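Let's walk through this fold together, starting from the inside and working outwards. Keep the viewer open as you read.

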Amino acid sequence: DETTVLLVMGIPAGLFLAILFGCGAFAIYWTRARRARQWDAIFTPLGLIGSSYLFNFRQYHGTVNGRQDDANFHRGPTLRLYLDTSLQTRLGITGKDSGSRALAGLMNRQRLTSSHPELAEVDIYALDQGWAGSLLAQPEVPPLLKRLVSGPSDFLIHQVLLQPGAFVLYFYRNKGLFSFEVGPSVAQQWLADLMRLAEIAESLPAPQETTEPSTLENQVRQGQTNALTIGIIITLVIMLPICVVVPIVVGVLLLAG
């Protein structure tokens, strides 16, 4: 009869959905907890306070040696470490074939050349090329940049960026297939090198070519999510169960009829 058909079709479907979404929820919870432990162990000793955003991403904010310091991690894997600066210009340093074209397009500038041997495998782009040349001529800067861009880590791409108001260490993609590690001592060295780079850069005469940070840059730094992104996520969360449940219900009704 119709009741038997509904039970035969509905109970397995209900169990399937319960297992599907239950396992999904557990996987999200487990990933968030593991990621929080991993990154808290790295950034909390530096004085940064962590929180989650977009379900399983992490962000950190705090003050280090009187400077605002921010970090965020999201899928890719992608890690950005920010340090406040008074400078309002743009500079990009990256290893060759590691996003150089993107940096060139972003700044609409030709690559700077340097005769320093430690910068031979580094591509440099700057909004104010004269100011950038003065920075690269400082004795401490080439070894700092080489260590930041080419130092050992599980990330494939290392970039040092100066955007208006912040020096940024940008790391993207991992060498391991499923995991990667960043030790607290490594992160501390990254921050110390970035701090020293900012101090040297700020000691020079101010750059002549300046600009303002974009809205997107500010949002990314603060871990903010715009309304469109939130709307898409909510829609997916709501529509996925509906897309699974509705065909099952319709099939059961057709069979029952």
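In this predicted model, the largest nonpolar core holds 46 residues, and those with the most contacts inside it are Phe-43, Leu-91, Trp-131 and Trp-190. Helix H5 is the biggest contributor to this core, giving nine residues. If you centre your view on Phe-43, you will find Leu-48, Tyr-60, Ala-71, Leu-79 and Leu-81 in contact with Phe-43, leaving aside residues up to four places away in sequence. There is also a second, separate core of five residues, with Tyr-82, Leu-161, Ala-166 and Tyr-170 among them.

Now turn to the sheet. Eight strands make up an open, antiparallel sheet, and reading across it gives the order E1-E2-E3-E4-E8-E7-E5-E6. From one strand to the next, the twist averages 15°. The edges are taken by strand E1 (49-53) and strand E6 (122-126); each has a single partner strand, so one side of each lacks a neighbour in the sheet.

Let's visit each edge in turn. E1 pairs with strand E2 (residues 57-64) in the antiparallel sense, over five bridges. A handy landmark here is Tyr-53, which stands opposite Phe-57 in E2. At the other edge, strand E5 (residues 91-95) runs antiparallel to E6, and five bridges join the two. The landmark on this side is Ile-93, opposite Ile-124 in E6.

Is edge strand E6 buried or exposed? Five of the five residues of E6 are buried, so this strand is largely enclosed by the rest of the structure. In a regular strand, side chains alternate between the two faces of the sheet. In E6, Val-122, Ile-124 and Ala-126 point one way, while Asp-123 and Tyr-125 point the other way, and all are buried. A missing neighbour in the sheet therefore does not leave E6 open to solvent by the under 20% cut-off for burial.

Another buried position worth a look is Gln-163, found in strand E7. Its relative accessible area is 10%, so Gln-163 falls under the 20% limit and counts as buried. Setting aside residues up to four places away in sequence, Gln-163 touches Tyr-82, Leu-87, Thr-89, Arg-90, Val-168 and Glu-217. Of these contacts, Tyr-82 also appears in the second core.

Next come the helices. H5 lies across E2, strand E3 (67-74), strand E4 (78-84), strand E7 (155-163) and strand E8 (166-174), and runs at about 40° to E4. H5 also meets another helix: the axes of helix H4 (residues 141-150) and helix H5 (residues 184-203) come within 10 Å and cross at roughly 145°. The crossing of H4 past H5 is left-handed.

Which residues make the contact between H4 and H5? From H4 come Val-141, Leu-144, Leu-145, Arg-147 and Leu-148, and from H5 come Gln-189, Trp-190, Asp-193, Arg-196, Leu-197 and Ile-200. Sorted by class, this contact has seven nonpolar, one polar and three charged residues. You have already met Trp-190, which is one of the residues with the most contacts inside the largest core.

Finally, look at Ala-41 in helix H1 (residues 2-43). With a relative accessible area of 41%, Ala-41 is partly exposed. Ala-41 and Pro-184 are 143 residues apart in sequence, yet their C-alpha atoms are 6.9 Å apart in space.

Notes:
Residues are numbered from 1 along each chain as its sequence is written. This is a predicted model: local features need pLDDT of at least 70, side-chain atom pairs count only at pLDDT 80 or more; totals for chains, interfaces and linings use all residues. Side-chain values use heavy atoms; hydrogens and water are left out. Axes are lines fitted to C-alpha atoms, for helices over the stretch in contact, and angles run from 0 to 180 degrees between N-to-C directions. Helices (H or I, at least four residues) and strands (E, at least two) are DSSP runs, numbered from the N terminus. A crossing is left-handed if the near helix is turned anticlockwise from the far one by less than a right angle, and right-handed if clockwise. Contact means heavy atoms within 4.5 Å. Ala, Val, Leu, Ile, Met, Phe, Trp, Tyr, Cys and Pro count as nonpolar, Asp, Glu, Lys and Arg as charged, and the others, Gly among them, as polar. Two strands pair if DSSP finds at least two bridges between them. Buried means under 20% relative accessible area, exposed over 50%, partly exposed in between (1.4 Å probe, protein chains only). A nonpolar core is a set of buried Ala, Val, Leu, Ile, Met, Phe, Trp, Tyr and Cys residues joined through side-chain atoms within 4.5 Å.
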